[in-house]
Amino acid sequence: MGERLQTGYRAKFRWLLAKVRPRRLDFGVDLLIRRSRALSEREAVPLSEALARVYEFTRWRVKKRLERTAACRLDGQPLGVAPEPPRFLCDLSLGGLARWLRAAGYEADALRSTGTDPVGEARRLGAVLLTTDSRRAARMGTAEGKPELLWIPSSLSRVRQLGVVLRDLDLEPREPRCMACGAELRTVPKREVEARIPPRTARWKDEYFLCAGCGRLYWQGTHWQRIAAQLEGERPLPAAAARP
Ligand SMILES: [Zn+2]
């Protein structure tokens, strides 16, 4: 477990540091791994937690550095052109994450059978492959732009895994999609769905949404609010980006 975790984080640190084109990339990666081990010992936290914290802090510093250099450059993204939101394919180890990505407003599919090649399927869909398999982590590469694959630590909870995806790709939560099938939700007049609303909900809610794909009915109940609150905590810039 420790070995696989470090292989994954090595690839992730390498991908992150390459953005600022350091002179000695491998040295930088080794340093971050050593810092994580030292943090784990010093504060008696599991290595998985120490690696996650060092990763968050490094990601935040890389972002700051890139913002500073972009401010002095004139060849950045043209203003007012929003890039297409990425879509995602979760491999078998991350099926539950697809539901969370949909709640955050992103198109996400989950692989269902071991017979499908995840890399080939992601290419076919034009999706970023999400995996906890550290043997695939090197595929994150160091090329600029959207990666082909993101390695996600299996040691994190689903909502923290979602946070890693959003922050790695600098994405904001969007309008929620259907958690069951991933299709868009559309506002529907209350009177058209009255028969399907539980009487107690109908008394205090006036806004309803229908899934364009599976027809499931949604309203902003307590479950929705809880999800929204958790998503809020996983936005691109965490408030607590303190040096670990
Ligand atoms: Zn649906």
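User: Which exposed residues does the face of α5 turned away from its buried side carry?

Analyst: That face carries R123 and R124. Exposed means over 50% relative accessible area, buried under 20%, and partly exposed in between, with a 1.4 Å probe and protein chains only. Bear in mind that this is a predicted model, where local features need pLDDT of at least 70, side-chain atom pairs count only at pLDDT 80 or more, and totals for chains, interfaces and linings use all residues. Residues are numbered from 1 along each chain as its sequence is written, and side-chain values use heavy atoms, with hydrogens and water left out.

User: What makes the buried residues of α5 line one face of the helix?

Analyst: The buried ones in α5 (residues 118-125) are P118, V119, E121 and A122. Looking down the axis, they fall within an arc of 165°, so they line one face. The arc is taken from the directions from the helix axis to the C-beta atoms. Helices here are DSSP runs of H or I with at least four residues, and strands are runs of E with at least two, numbered from the N terminus.

User: What covers those buried residues of α5?

Analyst: The cover includes β1 (88-90) and β3 (128-131). Contact means heavy atoms within 4.5 Å.

User: Why is C90 not in a disulfide?

Analyst: A disulfide is a pair of cysteine sulfur atoms within 2.5 Å. The closest cysteine sulfur to that of C90 is in C181, 15 Å away, so that's too far for a bond. The whole structure holds zero disulfides.

User: How do you know that C90 is buried?

Analyst: Its relative accessible area is 0%, so C90 counts as buried. C178 is buried too, also with 0%.

User: Why is one side of β2 and of β4 left without a neighbour in the sheet?

Analyst: The open sheet has four strands in the order β2-β1-β3-β4, with parallel pairing. β2 (108-110) and β4 (149-151) stand at the edges with a single partner strand each, so one side of each has no neighbour in the sheet.

User: What makes β3 and β4 a pair?

Analyst: Two strands pair if DSSP finds at least two bridges between them. β3 and β4 have three, in the parallel sense, so they meet the cut-off of at least two. One bridge partner to look up is W151 in β4, which goes with T131.

User: How many bridges join β6 to β7?

Analyst: Two bridges join β6 to β7 (residues 217-218), and the strands run antiparallel. They form a hairpin with five residues between them, and G215 in the turn has a positive phi of about 80°.
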